[in-house]
Structure formats: structure tokens, C-alpha cells
Amino acid sequence: MSPESLAESAAQAVEAGAREVRVHPRTPCGGTSLSPRVLAPVLASARAAVGAPVRVTTDAAAEPDPERMVERIHSWDVLPDLVSVDWHAPGAEKVAAALLERGIGVEAALWARTDGPALFARSPLAPRVLRVAVRAPALNPNPVTGPSAEAAEAAEAAACSLLAELEPGLPPGTSVLLHGTDGGVWPVLRLARRLGLAARIGLEDTLLLPDGTPARSNAELVTAALAGRPEETG
């Protein structure tokens, strides 16, 4: 949970082949936080360790009040390279606007089975977003059960459906990252590979390797994701 331990994990993931890292700054008690006192040392440690872009997320676990989140953003003295905004969350546009105002890159996180994609399609901020992260959650959200055929099929179907829905309205040149969760992680990652899209992997999304055994680290998941295809990194 310390900046040093987060940086060490990030460095191992980059050494395994990751091209950027996403960190969740935490207080000594373990809660996620985006206060400048918590964020700054995590960003400094991670950047010193990885030499790669470092991003964070504005999810509700870090700050549930969008007005307070905007205040947080304006108080940062060390800025992340990219910030992910869940577009279905209350106040998402206000948060994204505050990030853009400070010159911080925005990733629009669009979840299947939410109104996020529809809201993003109508947003005047859409052309200013650097990347869209398409998330296809598994139907069975238990992170310690092995992948099932039903979960894999449902996650891939949800991902394909959402990509088809988004494609006509995406601003030209918008980068797309595709990822799944729990039992859908590996099928969705393979789909991203087939489609030539960026992908992500980490303990945030799954605790299991493709064969269903527990992963020991983020780096081990990255290694498994890139096995056999060293030119593809996400």
C-alpha cells in the first residue's frame, strides 16, 4: 500500500512488458485516496521506478462526491499522465472538464450494461478524450472462481456489442482499450488482440492466470497476457 511498494509492483509489470501503469494511491489504513498528500508521493515513486506513463482513476472508492473530486483535481501539485473517468458515474463530465482544464489527459471508461456509452456519445467533451476504455464485466463477479464458458461467452458478447455501439460515434483517431473482469478477463483480452486494440491486465481485474491458478503478481499476469506475442503490449 505504500508508495514504494506500489512503485515496485509497477516496475515489475513494466519489466514484464507493460507500456504504462495504473496505480491506486492508498492511505496508511488502506483506503484509496486522491488527496494531493497521498497522490504526489505515489506518482513520484512510480515515475522514478518505471519511466513510463502513470495513470490513476477517479472512481467512487477514492472520492464519491463529484464536487469534492473537482476540488481535489484543482489541488493537485503533481499531475498524473492520464486519468480514467467512469462516464456513467454522477458528475463525470464535471470531473473530466476539470482534468482537461488542468491539462491532464482523460480516458473515458465506458462500461457495458450502463448508460455511460450513451452519455459519452452525447458529450461535447468526447472529441477531447485521449482514449476510450471499454469495460466488459463478467456476469459472475466472483474473483476467486475459475473462468466458466458462460462467463467467457457473455463477456465477449458484451464487449462486441459495446464496440459496435460505440464505433459510429467515436471521434476520428480515438484510441480504444478493451478489457474484461473476473471470468471474462482472458476471453476479452484475446478479443482485443484479434481486433488490434489496446488491452490491460492486473490484479484489479482478475486474481487468476489463464489456467485458473492464482496469480502471484501483476507482473505474472502481464507475462501471461503477452505469452507468445511479445510485440503486443497493453
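Two short exercises with worked solutions follow, on a predicted model.

**Exercise 1. Helix packing**

Task: classify how the axes of H7 and H8 are oriented, then describe the contact of H7 with H8.

Solution:

1. Locate the helices. H7 covers residues 185–195, and H8 covers residues 218–226.
2. Take the axis geometry. The two axes come within 11 Å and cross at roughly 50°.
3. Assign the class. Angles under 35 degrees count as roughly parallel, and 65 to 115 as roughly perpendicular. H7 and H8 are therefore oblique to each other.
4. Add the handedness. The crossing of H7 past H8 is right-handed.
5. List the residues that meet. H7 brings Trp-186, Leu-189 and Arg-193. From H8 come Leu-221, Ala-224, Ala-225 and Leu-226.
6. Sort them by class. The contact holds six nonpolar residues, one charged and no polar. Arg counts as charged, so the charged member is Arg-193 of H7.

**Exercise 2. The largest pocket**

Task: describe the largest pocket by volume, then its lining by helix and strand and by class.

Solution:

1. Start with the volume. The largest pocket has about 700 Å³.
2. Find the residues at its centre. The lining has 32 residues, and the closest to the centre are Val-21, Arg-22, Val-23, Ile-201 and Asn-218.
3. Map the lining onto helices and strands. At least two residues each come from helix H1 (3–16), strand E1 (21–22), strand E7 (198–199) and H8.
4. Pick the main contributor. H1 gives the largest share, five residues.
5. Split the lining by class. It has 14 nonpolar, ten charged and eight polar residues.
6. Link back to Exercise 1. H8 meets H7 through residues including Leu-221, and H8 also supplies at least two residues of the pocket lining.

How values were computed: Residues numbered from 1 in each chain as written. Predicted model: local features only at pLDDT ≥ 70, side-chain atom pairs only at ≥ 80, totals over all residues. Heavy atoms only, no water. Axes fitted to C-alpha atoms, helices over the stretch in contact; angles between N-to-C directions. Helix = DSSP H or I, 4+ residues; strand = E, 2+ residues; numbered from the N terminus. Parallel < 35°, antiparallel > 145°, perpendicular 65-115°, else oblique. Left-handed = near helix turned anticlockwise from the far one by under 90°. Contact = heavy atoms within 4.5 Å. 1 Å grid on protein atoms, 1.4 Å probe; cavity = no way out; pocket = protein on both sides within 12 Å on 5 of 7 lines; lining within 4 Å. Points joined across faces, edges and corners; volume = space filled by probe spheres on them.
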